[in-house]
Amino acid sequence: MEIFRSGIQITVINVHRWKKDYRIWLILSFTAVLLINYMMPYIEYCMYSGNKITFCLLPLIYKPSEVSIRAPKMLLHIGFLLLLCDAPFLHETAPYMFLRSGRKARFVGEVLYVLWTALFYMFFITLVSIIITLPVATLENDWGNGITDYLYGNENYTAKQILDMFPLKLAIPAGPIMFFYPFACELYTFLTGLGCMFILGLILLLASLIAGRAESGLAVAGGIVLLDPILTWRASPNKYYLQAFSPVCWTSIANLNLLSPYYFISIPFVVAAETVSIVILLILIYIVNKKSTIEIKV
């Protein structure tokens with residue numbers, strides 16, 4: 001228990017450093033602006049037409065895309081990696097903490113810090129997406145006419161006319177809208193998004209520990225993020241198994257085989273793949289952490 005208490009203290013110290021780290025505040029501000037930019041057309045249309053929209057916007061934000069620049073989930077994952085760009089978190093007080101606490105506590109503290117960062121960032125994304133919808137939100141387990149009108153139109157306008165008046169930055173994932181309830185989609189996206197960020201954070205930490213440089217971790221984890229649009233592009237029409245090789249692909253509910261028998265990704269697969277990936281990464285980090293040296297560059 002002493003190891004876990006020391007590990008938690010290391011995590012708390014790392015979190016407290018956020019108060020004076022302008023990089024963190026810049027990333028969070030950019031994330032909020034990005035979400036507002038992508039979601040605002042829905043809100044503007046609802047305010048114009050008097051329609052309502054669900055507050056569960058994560059499935060729209062995490063829509064799969066073959067163009068990385070236009071995919072908000074790509075930018076969000078990159079933003080998350082930038083939150084951890086100082087891995088393996090060797091700031092000026094690190095040697096004293098590690099000498100007093102030991103390597104096992106260092107392992108626990110750094111892993112908990114990655115998990116906390118992933119949890120905080122997913123909560124932040126979810127909270128901002130909910131706040132954006134407040135003027136026109138509905139609490140019913142329904143997508144609302146503010147979304148379905150973009151797909152089917154209404155008695156006054158066709159879908160194309162609505163799109164011309166209030167152009168979207170990103171197309172609506174029609175499959176989930178037609179077959180799933182928004183509450184279930186929101187929960188799936190949140191949990192898989194959290195698991196994906198935790199995996200990416202552990203990969204970043206592992207690569208940084210091995211190389212002794214944060215840049216190496218960013219390069220490896222960033223490369224995995226950039227695989228998502230490539231695999232999405234290559235998967236169609238009959239190679240959907242390729243999406244199994246990127247945890248970022250698993251976060252899009254539009255990729256589930258519940259929507260098409262040709263799709264490869266399923267909920268049991270995602271649960272198993274994320275669990276196995278996390279366990280393997282934790283073991284590797286523990287082994288590398290035992291052998292790594294502590295060097296501080298001043």
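Ala 235 lies in helix α11, which covers residues 214-235, in a model that is predicted. The relative accessible area of Ala 235 is 0%, and the residue is therefore buried. Setting aside residues up to four places away in sequence, Ala 235 touches Tyr 240, Leu 242 and Gln 243. Ala 235 can also be placed relative to Phe 264, since the two are 29 residues apart in sequence and their C-alpha atoms are 9.7 Å apart in space.

The chain then passes through a peptide bond from Ser 236 to Pro 237 that is cis, with omega near 10°. Pro 237 belongs to the loop between α11 and α12, the latter being residues 267-291. As background to this bond, most peptide bonds are trans.

**Helix pairs**

Three packed pairs of helices can be set side by side, with the angle and the axis separation given for each.

| Pair | Angle | Axes |
|---|---|---|
| α2 (residues 22-49) and α4 (residues 72-83) | about 170° | 10 Å apart |
| α10 (residues 182-211) and α11 | about 145° | 7 Å apart |
| α4 and α10 | roughly 45° | within 10 Å |

With an angle of about 170°, above the 145 degrees beyond which a pair counts as roughly antiparallel, α2 and α4 are therefore roughly antiparallel to each other. On the α2 side the contact is formed by Arg 23, Ile 24, Ile 27, Thr 31, Leu 34, Leu 35 and Tyr 38, and these meet Pro 72, Leu 75, Leu 76, Gly 79, Leu 82 and Leu 83 in α4. By class, the residues of this contact of α2 with α4 divide into ten nonpolar, two polar and one charged. Many of the listed positions may be read against the helical repeat: an α-helix has 3.6 residues a turn, so residues three or four places apart point the same way.Thr 31, which has its place in helix α2, can be followed individually. At 1% relative accessibility Thr 31 counts as buried, and, leaving aside its neighbours within four places in sequence, Thr 31 is in contact with Leu 76, Tyr 121, Phe 124 and Ile 125.

Helix α4 also packs against α10, and the angle of roughly 45° means that α4 and α10 are therefore oblique to each other. In this pair, α4 passes α10 in a right-handed crossing. The contact is made by His 77, Phe 80 and Leu 81 from α4, together with Cys 196, Met 197, Leu 200, Gly 201 and Leu 204 from α10. The residues joining α4 with α10 comprise six nonpolar, two polar and no charged.

The other partner of α10 in the table is α11, and here too the crossing is right-handed, with α10 passing α11. From α10, the residues Leu 200, Ile 203, Leu 204, Ala 207, Ser 208 and Ala 211 meet Ala 214, Ser 216, Gly 217, Leu 218, Val 220, Ala 221, Ile 224 and Val 225 of α11. This contact of α10 with α11 divides into eleven nonpolar, three polar and no charged residues. Leu 200 and Leu 204 of α10 thus appear both in the contact with α4 and in the contact with α11.

Ala 184 also lies in helix α10, and with a relative accessible area of 48% Ala 184 is partly exposed. Its C-alpha atom and that of Tyr 45 are separated by 25 Å, the two residues being 139 residues apart along the chain.

**Other helices**

Helix α1 comprises the 15 residues 2-16, and at 1.5 Å a residue these should span 21 Å; the end C-alpha atoms are 21 Å apart, which agrees with that expectation. The buried residues in α1 are Ser 6, Gly 7, Ile 10, Thr 11, Asn 14 and Val 15.

In helix α6, which covers residues 103-133, lies Ser 129. At 0% relative accessibility, Ser 129 counts as buried, and, not counting residues up to four places away in sequence, Ser 129 touches Phe 55, Leu 57, Leu 58 and Ile 61.

Helix α7, residues 145-152, has Gly 146, Ile 147, Thr 148, Asp 149 and Tyr 150 as buried residues. These buried residues of α7 are covered by elements that include α2, β1 (53-54), α3 (58-61), α8 (159-165) and α9 (174-179). After α7 comes Gly 153, whose phi is positive, near 75°. For comparison, most residues other than glycine have a negative phi.

Key: Residues are numbered from 1 along each chain as its sequence is written. This is a predicted model: local features need pLDDT of at least 70, side-chain atom pairs count only at pLDDT 80 or more; totals for chains, interfaces and linings use all residues. Side-chain values use heavy atoms; hydrogens and water are left out. Helices (H or I, at least four residues) and strands (E, at least two) are DSSP runs, numbered from the N terminus. The expected span of a helix is 1.5 Å times one less than its number of residues. Buried means under 20% relative accessible area, exposed over 50%, partly exposed in between (1.4 Å probe, protein chains only). Axes are lines fitted to C-alpha atoms, for helices over the stretch in contact, and angles run from 0 to 180 degrees between N-to-C directions. Angles under 35 degrees count as roughly parallel, over 145 as roughly antiparallel, 65 to 115 as roughly perpendicular and the rest as oblique. Contact means heavy atoms within 4.5 Å. Ala, Val, Leu, Ile, Met, Phe, Trp, Tyr, Cys and Pro count as nonpolar, Asp, Glu, Lys and Arg as charged, and the others, Gly among them, as polar. A crossing is left-handed if the near helix is turned anticlockwise from the far one by less than a right angle, and right-handed if clockwise.
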